[in-house]
Amino acid sequence: ATPTALLVGTGRGAQLGILIKGPEVLESSRGITTVILDKTGTVTTGAMQLTALHAAGQWNDDALLRLAGALESGSEHPVARAVTNAARESLGSRQGTLPVPEDFTNHQGHGVSGRVEGHRVLIGRRRFMDSFGVALPGEVDGLLERAETLGSTPVLVAVDGEFAGVLIAADTVKETSAQAVQQLKALGMQPVLLTGDNYGAAQQVAAEVGIDEVIAEALPQDKVDAVARLQGQGRTVAMVGDGVNDAAALAQADLGIAMGTGTDVAMEAADITVIRGDLRSVGDAVRLSRRTLRTIR
Ligand code: ADP
Ligand code: MG
C-alpha cells in the first residue's frame, strides 16, 4: 500500500466533512456487513420536546415541572434538555429561574437523582424507579404503554420516595435519515437500530427510515454486548453513535463512526467523525474508504 494514496483519502475526507483518525482506519472499512445506528441524536435530531406531563400525588403540573426541570439542568441527555427547556419556558417568567440541584448524580442509561429545594428527586426509566423501591400506581402501566405505542419517550418522576408523575418527550427523525439508510443498504450493509429508549419509540423510528432489525432498552453495556454478539455471528460491524453511552460500543465495533454534533467522548472512541450531523456522511465515508483502498491496490 502506498501511504500517499491513503493520505489523499483522508485529505479528501476532510473536504467532505469526514475526519478519519488515521490511514489505517480505511482498512477497517472493508467488508462491513452490518451497520448499527444509535437512535437518539444519530437517526433522530436528538432535540427532544416535552409533549405531555401527568402530575401525581400532592404535585400539580407546575410544581412537578419545576422540580424536574431543576434536577435535569444537571444533565445533557436529550430527555433532560426537553424537560429543562419546557420548565424554563413555562415557568421562567412566572417563578424566576430554576433552583440549582444538589447532590446531582447521573445514572448512565437509567436516569438522574438529586436534591431540589430539600426534596429528593428521581427521574428516569421504570426500572430505575424499581431499583429505588418507588411504588407505582396501577395506572402507570397504561400511561407508559400508550406513550410508547405513539413512539414517545416517557420517564417517571419520584419525589421523596413517592411516585410524582410521568413526563413524556418526543423526538423527530432527521430529514436525511431515510435516504441515508437506503444508501447504506445499497452499499451492502444491513442496518440495525440500537437504543436505550423503549421498544415502541425504537420501532416507530425504524419503520420511518426503513430498518428491520431493532435492539431497544439497551443499557450502555448492552450496546457493547450487541456489537460483540453480531461480531460473534461472523458479521463485520460498523457502529454509528453520538452519546457518552455509545462510546464503548464505538470502540468495540470494527469501525466506529461518531456524529460531530455529539459528545467528545463518542468522537474520542470512534475511528471516524462525520462533522455534520447528517447520516448520509456515513455512506460517503464508507464509499471514500473503499475508493481509496482500490486506488492503492
Ligand atoms: P439512548 O440510547 O436513547 O441515547 P440512554 O441510554 O441515554 O438512551 O437512556 C436510556 C433511557 O434511560 C432513556 O430513554 C430514559 O428513559 C432514561 N434516562 C437516561 N438519562 C435520563 C435523564 N437524564 N433523565 C431521564 N431519563 C433518563
Ligand atoms: Mg444518541
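In this predicted model, 6 strands form an open sheet whose order is 3-8-7-6-5-4, and the pairing within this sheet is antiparallel. Its edge strands are strand 3 (49-55) and strand 4 (102-107), each of which pairs on one side only. A further open sheet is formed by 7 strands, and there the pairing is mixed. The domain assignment divides the chain into domain 1 (3-45 + 173-295) and domain 2 (49-170), and ligand 1 lies between these two domains, because both of them give residues to the shell around it.

**The antiparallel sheet of 6 strands**

- When direction is ignored, neighbouring strands of the sheet with the order 3-8-7-6-5-4 are turned by 15 degrees against each other on average.
- The edge strand 3 is joined to strand 8 (residues 162-170) by 6 bridges, and the two run antiparallel; within this pair, Leu53 stands opposite Leu167 in strand 8.
- Further along the order, strand 6 is joined to strand 7 by 4 bridges, again with the strands running antiparallel, and here Val121 stands opposite Val159 in strand 7.
- Strand 5 and strand 6 pair in the antiparallel sense over 6 bridges, and Ser113 is the residue that stands opposite Leu122 in strand 6.
- Strand 5 and strand 6 also make a hairpin with 2 residues between the strands, in which Glu117 takes a positive phi near 50 degrees.

**The mixed sheet of 7 strands**

- The strands of this open sheet follow the order 1-13-12-11-2-9-10, with strand 1 (18-20) and strand 10 (213-215) as the edge strands, each pairing on one side only.
- Neighbouring strands in this sheet are turned by 20 degrees against each other on average, with direction ignored.
- Although the pairing in the sheet is mixed, strand 1 and strand 13 (residues 272-274) pair in the antiparallel sense, over 3 bridges, and in this pair Ile18 stands opposite Val274 in strand 13.

**The two domains and their contact**

- Domain 1 is made of two stretches of the chain, 3-45 and 173-295, whereas domain 2 is given as 49-170.
- The C-alpha centres of domain 1 and domain 2 lie 31 Å apart, and the contact between the domains takes 12 residues from domain 1 and 8 residues from domain 2.
- On the side of domain 1 that touches domain 2, helix 3 and helix 9 (199-209) each supply at least two residues, and the largest share, 3 residues, comes from helix 9.
- Sorted by class, this side of domain 1 has 4 nonpolar, 7 polar and 1 charged residues.

**The surroundings of ligand 1**

- Ligand 1 is surrounded by 22 residues, and the closest of them are Thr40, His77, Gly109, Arg125 and Gly196.
- Several elements each supply at least two residues of the shell around ligand 1, namely helix 3 (39-43), helix 5 (78-95), strand 5 (111-116), strand 6 (119-124) and strand 7 (153-159).
- Strand 5 and strand 6 are therefore elements that serve this shell and that also pair with each other in the antiparallel sense, while the shell as a whole draws on both domains, so ligand 1 lies between them.
- The residues of the shell divide into 5 nonpolar, 12 polar and 5 charged.

**A pair of packed helices**

- Two packed helices are described by the angle between their axes and the distance between the axes.
- Helix 8 (residues 177-186) packs with helix 13 (residues 280-295) at an angle of about 25 degrees, and their axes are 8 Å apart.
- Since angles under 35 degrees count as roughly parallel, helix 8 is roughly parallel to helix 13.
- Helix 8 makes the contact through Gln179, Ala180, Gln183 and Leu184, and helix 13 makes it through Arg280, Val282 and Gly283.
- The residues of this contact of helix 8 with helix 13 divide into 3 nonpolar, 3 polar and 1 charged.

Key: Residues are numbered from 1 along each chain as its sequence is written. Chains are lettered from A and ligands numbered from 1 in the order in which they are written. This is a predicted model: local features need pLDDT of at least 70, side-chain atom pairs count only at pLDDT 80 or more; totals for chains, interfaces and linings use all residues. Two strands pair if DSSP finds at least two bridges between them. Axes are lines fitted to C-alpha atoms, for helices over the stretch in contact, and angles run from 0 to 180 degrees between N-to-C directions. A residue is near a molecule or strand if its C-beta atom, placed from the backbone, lies within 6 Å of it. Ala, Val, Leu, Ile, Met, Phe, Trp, Tyr, Cys and Pro count as nonpolar, Asp, Glu, Lys and Arg as charged, and the others, Gly among them, as polar. Domain bounds come from an automatic or database domain assignment. Angles under 35 degrees count as roughly parallel, over 145 as roughly antiparallel, 65 to 115 as roughly perpendicular and the rest as oblique. Two residues are in contact if their C-beta atoms, placed from the backbone, lie within 7 Å.
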